[in-house]
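Please walk through the structure below with attention to one helix and to the pocket that it helps to line.

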Amino acid sequence: VAWMDRWMDIGDKKPKDANGLSEIVHNVTQPERTQGGWSFSVDFGSAPLDAFVELIEVVRASGAKKLELGSFGYPRR
């Protein structure tokens, strides 16, 4: 929750940069239990790399031993 509060802009109050971007995460789904552990999705929108790095740190601090990243909902060609 603290990570989401830092990187999302629910109140639409963060300033925009010269390109009109707020450098925010657009969406995070509720974590769901899966056969292999937990799954959730993040739309990083215009967020900087720091948002991604901090999320990895949060996941690691939660005790996760393995992390898989990808666009798993899209059909593979």
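Which elements each supply at least two residues of the lining of the largest pocket? In this predicted model, the elements that do so are α1, β3 (37-39) and α2. Among the contributors to that lining, α2 provides the largest share, with five residues. The pocket itself has a volume of about 1,200 Å³, and its lining comprises 33 residues, of which Trp38, Ser39, Phe40, Ser41 and Leu67 lie nearest the centre. In terms of chemical character, the lining divides into 20 nonpolar, eleven polar and two charged residues.

Since α2 provides the largest share of this lining, the helix merits a closer reading. Helix α2 covers residues 49-61, and its 13 residues reach 19 Å from the first C-alpha to the last, which is close to the 18 Å expected at 1.5 Å a residue. Within α2, the residues Ala51, Leu55 and Val59 are buried. Seen down the axis of α2, the buried residues fall within an arc of 75°, and they therefore line one face of the helix. That buried set packs against two other elements, α1 (2-7) and β4 (42-43), whereas on the other side of α2 the residues Leu49, Arg60 and Ala61 are exposed.

Just after the helix, the backbone deserves a last look: Gly63, which follows α2, takes a positive phi of about 105°. Taken together, α2 packs its buried residues against α1 and β4, and α2 also joins α1 and β3 in supplying the lining of the largest pocket.

Methods
Residues are numbered from 1 along each chain as its sequence is written. This is a predicted model: local features need pLDDT of at least 70, side-chain atom pairs count only at pLDDT 80 or more; totals for chains, interfaces and linings use all residues. Side-chain values use heavy atoms; hydrogens and water are left out. Helices (H or I, at least four residues) and strands (E, at least two) are DSSP runs, numbered from the N terminus. The expected span of a helix is 1.5 Å times one less than its number of residues. Buried means under 20% relative accessible area, exposed over 50%, partly exposed in between (1.4 Å probe, protein chains only). The arc is that of the directions from the helix axis to the C-beta atoms. Contact means heavy atoms within 4.5 Å. On a 1 Å grid over the protein atoms alone, a cavity is a set of points where a 1.4 Å probe fits but cannot get out, and a pocket is an open set with protein on both sides within 12 Å along at least five of seven lines; lining residues have an atom within 4 Å of a point. Grid points are joined across faces, edges and corners, and a volume is the space filled by probe spheres set on the points. Ala, Val, Leu, Ile, Met, Phe, Trp, Tyr, Cys and Pro count as nonpolar, Asp, Glu, Lys and Arg as charged, and the others, Gly among them, as polar.
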